[in-house]
Amino acid sequence: MRPLAALRLATSSLKAHKLRSALTILGIIIGVASVITMVAIGQGARQQIEEQVRALGTNVVMLLPGFNRSGPVRSSSGGTPLTDRDAAAIARRVSGVEVAAPIRQGSAQLIYAGRNWSSTVVGSTADIFVARDLTLAEGRKFSDRESRSPAKVAIIGQTVVKELFAGASPLGQTIRVNRVPMKVVGVLEAKGQNAMGQDQDDTVLVPLKAAQSRLLGGRSRGAGEVNMIAIKARRASLVGQVQTEVDALMRERQRLRPDQEAGFAVRSLSELMAVRTQTTNTMTGLLGAIASVALVVGGIGIMNIMLVSVTERTREIGLRMAVGARPEDILLQFLTEAGLLALIGGVIGVLLALALSLAIAQFAGWSVSIDPAIVLVSLLFSGGVGVVFGFYPARKAARLNPIEALRHD
Amino acid sequence: MSEPLIRCRDLTKHFRMGSEVVRALDGVSLDIARGEFVAIMGPSGSGKSTLMTMIGALDTPTSGDIIIDGTALAEASPSALADLRGRTIGFVFQQFNLLSRLSALDNVAMPQIYRRDAVADLRGKAIDCLKRVGLGDRMHHLPSEMSGGQQQRVAIARALVNDPLILLADEPTGALDSRTGAEVIALFQALNREGITIILVTHDAQVARAARRILRFRDGRIVADDVNTDVWTPAPSAA
């Protein structure tokens, strides 16, 4: 029997039992749609994390002040502070470092023309553009002279522009940051939220010395003290080496004995993110596995309906054998029917999954990502489910004794 | 004398019914030549239908040999047997066994999909067969839209579609009234005149008289093998 003839036989017998076929197909639709949707949700989550890692700046190592241990109490204050001199030393002495940007940040009250807004002030050098992958939407960066001095200039993020200027051009305007007037010389390109859900556009960039002495200074902070140093390695492969070397250099600078606990921490952002990515992968696998159960149940539905069909059509099978059908022709006929049920279910399931994913992205605000490979694998898998679960009934049909089948009531 | 078309030697067929062994065939030997019209008579359970299923390669004998058109069935592969059923033999059943979802034409064409050889104009061949049994105007009717006689003629057309050498008919008139039965018998006689060997199982002595040779079965054995000199020839009907 030619494949085309088998296909025609299969379609006509599926059409003969429309409701039954539709319900069987529904089982596969649910299975395929849930596999694809679950995997799409998982992959969407992973992609989001990867984007966040990229947004944080690739190849970046953060140097943070450590904890101070006094007795059983550990606190992040009072340890050896980091300074801009540490940043300079790292940039100079650690190989593989592209930039080391010292960062002094804190919250600040912003005022412009009667509007006020609470935001984060980040004091740093021009190197922060490299370390954090920042780009200017308009205006200019700090000049070298401004970077080295407490110049009253600021570069503001999109959220600040929106809150203070409500659409007007901020360039050249003077805003008050913690009561200090600062001139806006640039506006940053939008970056969106970071991995922790913080708005990265709600920020005011100022020269490091301005932050230290004019905006966030005072209290017990020493001169040149910074909150952290963002270090960017030249290549991703150098991140590990940079981490080790920064650690050694800082131990030397803080004169720590080998057995002494470090008063600082060196963290790689991608390392931090890797853990989250792995968690997401596990979740994706789990969701996919649960959804696969639905697909298997759909397959059992096919097997069930094919067994019914073989029993109902025993006489027809006997007749077909009497007019020259080989056992393999009968096998092919029933396998084609089962495969067709599964494939139709698979195709509709893929379409349903596309619609579901879009709806989830739209209404739940989750990011979803449909991988064409997953769609293809699901389609093949559902076809495979049809063939595997259709095989037993089809073989049962093919093994019927023709004369007993013909006499079947 | 040339090799017979069908040769049966010492056929036995035993069925186990509970603890009892039923000898449906008990040593049957038989030769049927090309072009014969043979009727097989006998009471129910005498083995006549069992012999038909053996000759039709639908079932295998417990012992004995069957050779059809030079093929020994005992040694043939399942696929060679399927070919024999599809190409050398045509079956006509008492209950017609048409597929109710298919039109008359599709029922007739059904055996063609199992042919392995390329044949030009399969559709035309199926249409010719329907015309041959006088149903050229009923091609697209479903079985449920036709009378019993018409359904049986569709079944005969289906048996003819692959140009068989042998037509095996098991009680072909059993489900028909005597007038339509006579029409079917006339059709068999016409086909026999065209050279097709016909073996017909029947209860009906009148129907058996349409054949030129009559075999009588009792308890799994042939008890009589007569030449029928008084052939009944029903008038072929227009419809």
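In the predicted model described here, strand 1 (residues 6-17) of chain B pairs with strand 4 (residues 63-68) of chain B in the antiparallel sense over five bridges, where strands are DSSP runs of E of at least two residues, helices are runs of H or I of at least four residues, and both are numbered from the N terminus. Two strands are taken to pair if DSSP finds at least two bridges between them. Residues are numbered from 1 along each chain as its sequence is written, while chains are lettered from A and ligands numbered from 1 in the order in which they are written. Because the model is predicted, local features need pLDDT of at least 70 and side-chain atom pairs count only at pLDDT 80 or more, whereas totals for chains, interfaces and linings use all residues.

Within the pairing of strands 1 and 4 of chain B, Ile6(B) stands opposite Ile68(B). Strand 4 of chain B is also joined by two bridges to strand 5 (residues 71-72) of chain B, the two running antiparallel; here Ile68(B) has Thr71(B) as its bridge partner, and Ile67(B) has Ala72(B). These two strands form a hairpin with two residues between them, and Asp69(B), which lies in the turn, has a positive phi of about 50°. The pairings belong to an open sheet of four strands in the order 2-1-4-5 (chain B), with antiparallel pairing. Its edge strands, each of which pairs on one side only, are strand 2 (20-32) and strand 5 of chain B.

Another open sheet of chain B has six strands in the order 6-7-8-3-9-10, and its pairing is mixed. Strand 6 (89-92) and strand 10 (221-227) of chain B are the edge strands of this sheet, each pairing on one side only, and the twist from one strand to the next averages 15°. Strand 3 (residues 37-41) of chain B runs parallel to strand 9 (residues 213-218) of chain B and is joined to it by four bridges, with Ile40(B) having Leu215(B) in strand 9 as its bridge partner. Helix 1 (residues 48-55) of chain B lies across strand 3, strand 7 (166-170), strand 8 and strand 9 of chain B, running at about 145° to strand 8; such angles run from 0 to 180 degrees between N-to-C directions, and the axes are lines fitted to C-alpha atoms, for helices over the stretch in contact.

Asp204(B) lies in the loop between strand 8 (197-201) and helix 7 (205-208) of chain B. With 17 C-beta neighbours inside 10 Å, Asp204(B) counts as partly exposed, given that a residue is buried if 20 or more other C-beta atoms, placed from the backbone, lie within 10 Å of its own, exposed if 12 or fewer do, and partly exposed in between. Asp204(B) is separated from Thr173(B) by 31 residues in sequence and by 8.8 Å in space, C-alpha to C-alpha.

The largest nonpolar core, a core being a set of buried Ala, Val, Leu, Ile, Met, Phe, Trp, Tyr and Cys residues joined through C-beta atoms within 7 Å, has 125 residues, and those with the most contacts inside it are Ile36(A), Val108(B), Ala157(B) and Ile199(B). When residues up to four places away in sequence are not counted, Ile199(B) touches Ile32(B), Val38(B), Ile40(B), Met52(B), Ile55(B), Ile166(B) and Leu168(B), contact between two residues requiring that their C-beta atoms, placed from the backbone, lie within 7 Å. A second, separate core of 57 residues includes Leu63(A), Val122(A), Met182(A) and Ile229(A).

The contact between the chains takes 18 residues from chain B and 16 residues from chain A. Helix 2 (residues 78-88) of chain B gives the most to the side of chain B that touches chain A, with seven residues. By class, that side has nine nonpolar, four polar and five charged residues; Ala, Val, Leu, Ile, Met, Phe, Trp, Tyr, Cys and Pro count as nonpolar, Asp, Glu, Lys and Arg as charged, and the others, Gly among them, as polar.

The secondary structure of chain A comprises 13 helices and 14 strands. Its radius of gyration is 33 Å, well over the 22 Å that the globule rule gives for 409 residues, so chain A is more spread out than a compact globule; the radius is taken over C-alpha atoms, and the rule is 2.2 Å times the number of residues to the power 0.38. Taken along the principal axes, the C-alpha atoms of chain A fill a box of roughly 100 × 55 × 40 Å. Of the 409 residues in chain A, 43% are buried.
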